[in-house]
Structure formats: structure tokens, C-alpha cells
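Please read the following account alongside the sequence and the coordinates. It proceeds from strand pairing to the interior, and then to charged pairs and confidence.

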Amino acid sequence: MALNARLDHRKPLVFDTHELGRRPGALQRLTREIDAPRDLGIAGVIGVPEGAPVELELRLESVMEGVLVTGTARAQAEGECVRCLEPLQLDLEAEFQEMFSYPDADDRGRPKAEPADDAEEDEDRLFIEDGLFDLEPVLRDAVVLALPMQPVCQEDCPGLCSECGARLADDPDHHHDAVDIRWAALQGLAGSLGDGEKDEMSGAEAGVDEKQEK
């Protein structure tokens, strides 16, 4: 990721590395609870509601190239079962590890690294800016990877009846009597006839039978 405008240290997902320093091997552990940003999850499927609490546990390690951030995010996600369409909730735990690179030489005058040959690879890098780094893109990627693409309310959810849409988990004995499609049209015709029409047809059939006997 290319360098952006100056980061705002007041944002909940922006972290300060000044206390950590740039001495390789230095460690810092942080915990923070934030309100979930908007659209944290898989759009239209499942995600952490905006404003819901997200617990972060981070380990910051200073290395030659920058700061290696290892962490865990915990929250409660909400979505809809893909089988029965009922609302569901699940406990989310997303782990991540990301390198945030220094954009310039370190304090000991080590020369700035040569630009990467692969410009596309350089675009994917994350940088420390004025001692700050933004964890939001890393958190978003980690949450998406930790969430199920097809969430279900329970592993053996039977879903909905394909004929009437009833939720099968509520009625395990739910079924529909099978109708032979060869007789379905005749049954519909019989149901549409009035009692008078049925009597006339019966009378006509009786007359035919009498003629055949003669």
C-alpha cells in the first residue's frame, strides 16, 4: 500500500510505535477494545455489526525492516443461515500477522532500500507513517478469512421445505403426499366440476351402457 495522507492517531485502529522504538528485538503488547467499523465482514452474508465491540490483542515486534504485528481479534458476528434463512450469531476469533515497513532509513544511517522491481508487490506493502500504522485493512482481511462463506445456524440444519417453504427443523415429520403427475390433470378437472355436471356425466355413461347391452 502506498503512503497515504498523514494518519490520525485519534482513530481507534491507528497505533503508535514511538514507545516501541526502532531497536530490533524490542517488544510491546497491547490490548484495546474498539467499536467495529462499518462493513466489517462479508457483505450481504455475515459480519460484525457496526459499533459492536471488538477486542484486540496485539504483539508488536521491532525488526530491521519495520514492525511485525501479530494479533487476535474477537467479536460476535451476525448473519443469516443459508439453509433456513433464520438469523444467527457466532463468536468470531480472527488471527493475523502483518509487517509494517519503515519508509526510510533507520537512525543508524542504514541506506534506504532500493525500490522493488515488482511495482505491484510494492503497492501491497503496508508502511509506518510518522511512527503510526493503520490496522484497519489488516483487520478487515482477517475477519473475512475467519468468517464462513455459507453460515448455518447448526451443522445439521435441514433447511426449508422445497414445496411450501416451511422450516423443517420445527417439524421433523413435515411432508407432502406425492401425487402422480399422470393423474394430476384429471384430479383438477374433477375438482372443477359441479355436482350437476357430475350427475349429467353419470347419466350419460349409464345410457351408453344400456345401449351396449341391447
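Two strands are said to pair if DSSP finds at least two bridges between them. The model discussed here is predicted, and its strand pairing offers a convenient point of entry. Strands β6 and β7 run antiparallel and are joined by 15 bridges. Six residues lie between these two strands in their hairpin, where Leu 85 adopts a positive phi near 70 degrees. Glu 80 has Pro 87 of β7 standing opposite.

Strand β7 also pairs with β8, but here the strands run parallel and two bridges join them. One of the residues concerned is Phe 127, which lies in β8 (residues 126-127) and is the bridge partner of Ser 101. Is Phe 127 buried or exposed? Its relative accessible area is 11%, and because buried means under 20%, Phe 127 counts as buried. Phe 127 also illustrates how the fold brings together distant parts of the sequence: Val 67 is 60 residues away along the chain, yet the two C-alpha atoms are 9.1 Å apart in space.

The interior may be considered next. The largest nonpolar core has 38 residues, of which Val 48, Val 54, Leu 56, Val 69 and Leu 135 touch the most other members. Two or more residues of this core come from each of β3 (40-42), β4 (46-48), β5, β6, β7 (87-101) and α2. Val 54 shows what such a position has around it: leaving out residues up to four places away in sequence, Val 54 touches Arg 32, Glu 33, Ile 34, Ala 36, Leu 40, Val 48, Ala 73, Arg 74 and Ala 75.

Another buried position is found in strand β5, namely Ser 62, with a relative accessibility of 1%. Which residues surround Ser 62, apart from its neighbours within four places in sequence? Its contacts are Leu 20, Gly 21, Arg 22, Arg 23, Pro 24, Gly 25, Ala 26 and Tyr 102.

Helix α2 contributes to the core with a distinct inner side. Its residues Val 138, Leu 139, Ala 142 and Val 143 are buried. Viewed down the axis of α2, the buried residues fall within an arc of 130 degrees, so they line one face of the helix. An α-helix has 3.6 residues a turn, so residues three or four places apart point the same way. On the other side of α2, Asp 141 and Leu 145 are exposed. The buried residues of α2 are covered by elements that include β2 (27-35), β3, β5, β6, β7 and β8.

Attention now turns to charged residues. Side chains of opposite charge can pair when their charged atoms come close. How many salt bridges does the structure hold? There are seven. One of them belongs to α2: Arg 140 pairs with Glu 136, with 3.0 Å between the closest N and O atoms. These two residues are four places apart in helix α2 (residues 136-146), and therefore about one helical turn separates them. Arg 140 is partly exposed at 24% relative accessible area, and Glu 136 is likewise partly exposed at 26%.

A second salt bridge joins Glu 57 to Arg 74, the closest N and O atoms being 3.3 Å apart. Because Glu 57 lies in β5 (residues 53-62) and Arg 74 in β6 (residues 66-80), the pair ties together parts that are 17 residues apart in sequence. Glu 57 is partly exposed at 43% relative accessibility, as is Arg 74 at 29%. Together with Glu 93, these two residues are linked in a network of salt bridges.

A further salt bridge is formed by Asp 39 and Arg 38, whose closest N and O atoms are 3.9 Å apart. Asp 39 is exposed at 61% relative accessibility, and Arg 38 is exposed at 56%.

Finally, confidence should be taken into account. The mean pLDDT of the protein chain is 80, and 67% of its residues reach 70 or more. Among the elements of the chain, β5 has the highest mean pLDDT, at 98, while helix α4 (residues 195-213) has the lowest, at 54. Residues 105-111 have a pLDDT below 50, although the model gives this stretch nine contacts beyond near neighbours in sequence. Where pLDDT is low, the predicted coordinates should not be read in detail.

Technical notes. Residues numbered from 1 in each chain as written. Heavy atoms only, no water. Buried < 20%, exposed > 50% of the residue type's maximum accessible area, 1.4 Å probe, protein only. Salt bridge = Lys/Arg side-chain N within 4 Å of Asp/Glu carboxyl O. Contact = heavy atoms within 4.5 Å. pLDDT = per-residue confidence, 0-100. Core = buried A, V, L, I, M, F, W, Y, C linked by side-chain atoms within 4.5 Å. Arc of directions from axis to C-beta.
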